[in-house]
Amino acid sequence: LIGRIDKLIFYDNKYYILDQVLGKSIFVFDEEGKFIRRIGNIGKGPGEYDEPNDMALDGDSKRIYIYCHNKKVLLNYDLNGRFLNEIRLKYYMKSFSILDTNIFAFYFDYDRESKPEHDASNLILMNKQGKILNSAFDDFKFIGPRKGGISFFSHQDRGDLTISPGYSNRVYSIYEDSIICNYLIDFGKENIPVDLLNETNKNFDSKINKTDFAFINNYFELDKYLVFSFVQKGQIFSCIYSKDNDNLKYAKVWINDLFGLFTGGMIHYAYDDKIITSYDPSSISNYHEIIKSSSILKKSIKEILIENLDKLPTNDIIATIKEKIEDSEFSTDSTEIDLINNINELDNPVLITCKIKRF
């Protein structure tokens with residue numbers, strides 16, 4: 001069903017997954033991974049979408065909204081997938097979320113050349129009646145000189161909404177009457193200079209990826225942790241910051257010390273003290289070979305992993321992964337081995353829920 005996970009929402013023990021490319025749908029799975037339904041249908045008729053670009057879930061009204069860029073419309077469904085109504089929009093947007101049942105937050109990502117005449121603001125709060133309640137980010141140093149910067153809304157359980165605008169190192173809390181800079185992630189000399197953000201350069205994306213400059217990719221705030229990802233040289237790094245101990249951990253790959261084999265990549269969602277990542281099964285045959293070699297050679301999975309790493313050209317990433325595997329005390333049991341052996345390369349992405357260790 002799913003080619004990739006573009007957005008994931010975990011609500012009421014169900015996974016709502018947006019796939020913009022292959023499935024072009026919103027899929028719902030239960031907590032055990034069993035497919036329940038699609039939300040809406042693919043098409044060009046009433047209540048249908050041909051390319052879903054974003055989604056937001058309103059837990060209070062039990063509604064899910066899907067943004068279809070081609071039709072410039074928000075489609076409204078109940079959580080059983082029944083179409084309710086649609087909201088026509090005047091302008092194309094980059095992403096959206098829900099502040100409360102009656103208020104939407106829209107992020108437009110205008111650059112200097114494409115901004116509409118009505119408003120230069122990139123963030124607008126609007127009620128369902130179309131009235132603008134608040135706006136922000138009309139200073140283009142927040143978003144870079146052109147479209148393409150990643151903007152990410154995160155709706156927290158405690159009721160407020162946060163956003164990190166494109167090419168930013170800041171996280172803002174959004175309220176109906178105020179928008180406040182809540183956190184600044186200081187990348188030091190890797191912060192994107194303001195003068196570079198203010199340049200008009202059609203190759204801005206590729207230029208950034210060739211430098212050491214970093215910017216936030218996504219963000220979640222938990223009671224005891226800040227969980228966020230940043231992009232540097234086209235690579236995504238995931239971070240956990242402990243509010244209690246003022247400590248920061250970051251990595252490109254999560255080492256699974258419960259079983260020792262499955263690893264997670266980009267953070268899709270976070271709640272309580274848990275993080276949801278995923279594994280792309282297109283390379284599952286590598287794990288099949290590791291399990292097979294372990295059985296034939298009578299060696300542990302840990303030994304096989306280290307031996308395989310020793311065969312690769314040494315670099316900082318390989319050295320770090322090897323060190324983490326050597327320091328881990330994981331063991332693989334029959335539960336995970338059976339799971340891995342039953343996964344095929346063309347299967348859906350595998351979701352991994354990790355519990356944050358206190359540090």
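## Exercises on a predicted model

Tyr16 sits in strand β2, which covers residues 14–19. The structure is a predicted model, so keep that in mind as you work through it.

**Exercise 1.** Work out whether Tyr16 is buried or exposed, and list what Tyr16 touches.

*Solution.*
- Start with the cut-off: buried means under 20% relative accessible area.
- Tyr16 has 2% relative accessibility, so Tyr16 counts as buried.
- Next, the neighbours. Leaving out residues up to four places away in sequence, Tyr16 touches Lys7, Leu8, Ile9, Tyr11, Phe27, Val28, Met55, Leu57, Ile64 and Leu79.
- Finally, check a distance: Ile26 is ten residues from Tyr16 in sequence, and their C-alpha atoms are 6.6 Å apart.

**Exercise 2.** Find which residues form a negative surface patch, then place Glu176 in the fold.

*Solution.*
- The patch is made up of Asp60, Asp100, Glu176 and Asp177.
- Look up Glu176: this residue lies in the loop that links β17 (170–174) to β18 (179–184).
- Patch members need over 30% relative accessible area. Glu176 has 42%, so Glu176 clears that bar and counts as partly exposed.

**Exercise 3.** Sum up the protein chain: how many helices and strands are there, and what share of the residues is buried?

*Solution.*
- Count the elements: six helices and 27 strands.
- Of the 359 residues in the protein chain, 47% are buried.
- For the surface, the accessible area is about 18,200 Å², with 48% of that belonging to carbon and sulfur atoms.
- Last, take the contacts with a separation of 6 or more: 45% of them join residues 24 or more positions apart.

Conventions:
Residues numbered from 1 in each chain as written. Predicted model: local features only at pLDDT ≥ 70, side-chain atom pairs only at ≥ 80, totals over all residues. Heavy atoms only, no water. Patch = residues over 30% accessible without salt bridge, like charges linked within 9 Å, V, L, I, M, F, W, Y side chains within 5 Å. Areas by Shrake-Rupley, 256 points an atom, 1.4 Å probe, with all protein chains shown as cover. Salt bridge = Lys/Arg side-chain N within 4 Å of Asp/Glu carboxyl O. Lys, Arg positive; Asp, Glu negative; His and termini not counted. Charge placed at Lys NZ, Arg CZ, Asp CG, Glu CD. Helix = DSSP H or I, 4+ residues; strand = E, 2+ residues; numbered from the N terminus. Buried < 20%, exposed > 50% of the residue type's maximum accessible area, 1.4 Å probe, protein only. Contact = heavy atoms within 4.5 Å.
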